[in-house]
Amino acid sequence: MTNLATAKTISNPVFDVDAIRREFPILSQTINGKPLVYLDNGASSQKPLAVLDAMDRYYRESHSNVHRGAHTLGDRATSAFEGARETVRAFLNAKSTRQVIWTRGTTEAINVIANGLAGKLKAGDEILVSHMEHHANIVPWQMVAERTGAKVIPIHVTTAGEIDMESFDSLLGERTRILAITHVSNVLGTVNPVEELIRKARSHNVITVIDGAQAVPHFKPDVQALDCDFYTFSSHKLFGPTGIGVLYGREELLEAMPPYQGGGEMIERVTFERTTWNILPYKFEAGTPAIAEAVGLGAAIDYLDSLDRTGFEAAEKALLERANRLVETVPGMEVIGTASNKVPVLSFKIAGLHPSDIGTLLDQQGIEIRTGNHCAMPLMDLYGVPGTARASFAFYNTLEEVDQLFAALQKIQRLFV
Ligand SMILES: Cc1ncc(COP(=O)(O)O)c(C=O)c1O
């Protein structure tokens, strides 16, 4: 049996996690008298100095409204804002910045897409989602289905937490119009085989929408290689600020979609008789955008690009392996989501303990995790649990923090079960 005494720290010479942690000021504080161990990265991750400084500098030196062209500050703000769009384009490997639309986050991006595709749906059409979706990739489709008479159908998920390919193959058919699926599950950590799912969907002329919210903090997606129609993510999970996210779309589809909101910026010409729409991407960006937040997201991506990706991925893999190895040291602990391809996310339950009590007791030790249904109620129902405890790691977490989590879980189990 593995125990904490025998589980030696594996140091990674390429990836200097101590140096990296110094870039994240929030991490070096105490919570309830204990050093903070932040393991709720799946909900929202922390921000490096590069992001804080970029936003601070933007407000101190360059802030004005964008796309007005009347003065120097306006030009500076516009070039910072559009520069960030180019950074996102390169991050996704999109062909053009016309395909990169700012939204408030993944949730809004999926709502824009669902609303925009509603005109293509009629009664009897089918929208495939999976049983492991976040509510953000279920509810907008249900709302559109209600309006159009289409149906939202879940693809089955196996006990290990993987997409059941037989279920997918049997559901994909004549009536399928849209496949909306997560790249990585926020509860299970499963990395879904989206390339294969997209390839099969496209052979049936099905539009593909990928929820990348939990993927981008761990790896770079390549939208051209994936060949998806839409890809969405939120900045705040990618070490950037809250309040901004991204909708990538295939240009022909974006051109054909109606705008989501009306107002300034998204128009070409307004008269009381008729209004025409601005070109992409502005057609979907009504009102003054989140300028400083776009700048912050650009800075987060630049910061990530400055890190050694191989070291980054090896460090994350080591965190997950260490956590998996220590599970057996906590009596009654069971992991939910044991897919072969996972990011470092550990959802679990412990016999005799309610997930929310686990969260509260860990917080007393300075360890921050998330508990509850994780906005994935259908998945909780599938596993027959009211909720889980979830530790979600980022590249700045250490193997020592994994050990601290498990030492605290052992203590909680001993004292309260
Ligand atoms: C897989 C997934 N999709 C969508 C969302 C929604 O993201 P946001 O709240 O940033 O819009 C989340 C957030 O937890 C998520 O994990």
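Which residue stands opposite Thr-232 in strand 10? I began my notebook with that small point and found that the residue is Leu-247. I keep in mind throughout that this is a predicted model.

**Entry 1: the mixed sheet**

I looked up the two strands behind that pair, and strand 9 (residues 230–234) joins strand 10 (residues 245–249) through 5 bridges in the antiparallel sense. Both strands belong to an open sheet of 7 strands, which I read in the order 4-10-9-8-7-5-6 and whose pairing is mixed. At its edges I found strand 4 (100–103) and strand 6, each of which pairs on one side only. From one strand to the next, the twist averages 20°.

I then looked for helices against these strands. Helix 3 (residues 72–92) lies across strand 4, strand 9 and strand 10, and I noted that it runs at about 115° to strand 4. Helix 7 also packs on the sheet, where it touches strand 7 and strand 8, and its direction makes about 175° with that of strand 7.

**Entry 2: strand 5 and its two partners**

I turned next to strand 5 (residues 126–130), where 5 of its 5 residues are buried. Listing them by face, I have Glu-126, Leu-128 and Ser-130 on one side, with Ile-127 and Val-129 on the other, so that both faces count as covered.

On one hand strand 5 pairs with strand 6 (residues 151–155) in the parallel sense over 5 bridges, and there Leu-128 stands opposite Ile-153. I also followed the chain from strand 5 through helix 5 (residues 139–148) to strand 6, and these three elements make a right-handed β-α-β unit.

On the other hand strand 5 pairs with strand 7 (residues 176–182), again in the parallel sense, over 3 bridges. In strand 7 the bridge partner of Glu-126 is Thr-176, while Leu-128 stands opposite Leu-179.

**Entry 3: strand 7 onward**

For strand 7 I recorded that 6 of its 7 residues are buried. Strand 7 is joined by 5 bridges to strand 8 (residues 207–211), and the two run parallel; within this pairing, Leu-179 has Thr-208 of strand 8 as its bridge partner. Strand 7, helix 7 (residues 194–203) and strand 8 form a right-handed β-α-β unit as well.

**Entry 4: Glu-133**

Is Glu-133 buried or exposed? I looked this up for an acidic side chain in a loop, the one between strand 5 and helix 5, and Glu-133 counts as buried because its relative accessibility is 0%, where the cut-off is under 20%. Apart from neighbours within four places in sequence, Glu-133 is in contact with Ile-138, Ala-180, Ile-181, Thr-182, Cys-375 and Ala-376. I also took its distance to Thr-148, which is 15 residues away in sequence and 21 Å away in space, C-alpha to C-alpha.

**Entry 5: the antiparallel sheet**

I moved on to an open sheet of 4 strands, in the order 13-14-17-16, with antiparallel pairing. Its edge strands are strand 13 (333–336) and strand 16 (370–372), each pairing on one side only. Neighbouring strands here are turned against each other by 30° on average, direction ignored.

Looking at one edge, I found that 3 bridges join strand 16 to strand 17 (residues 388–392) in antiparallel fashion, and that Thr-371 has Ala-389 in strand 17 as its bridge partner. Helix 14 (residues 399–416) packs on this sheet and touches strand 13, strand 14 (345–350) and strand 17, with a direction that makes about 10° with that of strand 14.

**Entry 6: nonpolar cores**

Where does the largest nonpolar core lie with respect to domain 1 and domain 2? I first noted that this core has 76 residues, and that Tyr-231 and Phe-395 have the most contacts inside it. Helix 10 (residues 291–305) gives the largest share, 10 residues. Domain 1 (17–44 + 308–416) and domain 2 (63–305) both contribute residues, so the core lies between them.

I then listed the surroundings of Phe-395: leaving aside neighbours within four places in sequence, its contacts include Phe-15, Val-17, Ile-20, Phe-24, Phe-239, Tyr-303 and Phe-312. Finally I recorded a second, separate core of 29 residues, with Ala-323, Leu-326, Met-333 and Phe-348 among them.

How values were computed. Residues numbered from 1 in each chain as written. Predicted model: local features only at pLDDT ≥ 70, side-chain atom pairs only at ≥ 80, totals over all residues. Heavy atoms only, no water. Pairing = 2+ DSSP bridges. Axes fitted to C-alpha atoms, helices over the stretch in contact; angles between N-to-C directions. Contact = heavy atoms within 4.5 Å. Buried < 20%, exposed > 50% of the residue type's maximum accessible area, 1.4 Å probe, protein only. Right-handed = clockwise from strand over helix to strand, strands pointing away. Core = buried A, V, L, I, M, F, W, Y, C linked by side-chain atoms within 4.5 Å. Domains from an automatic or database assignment.
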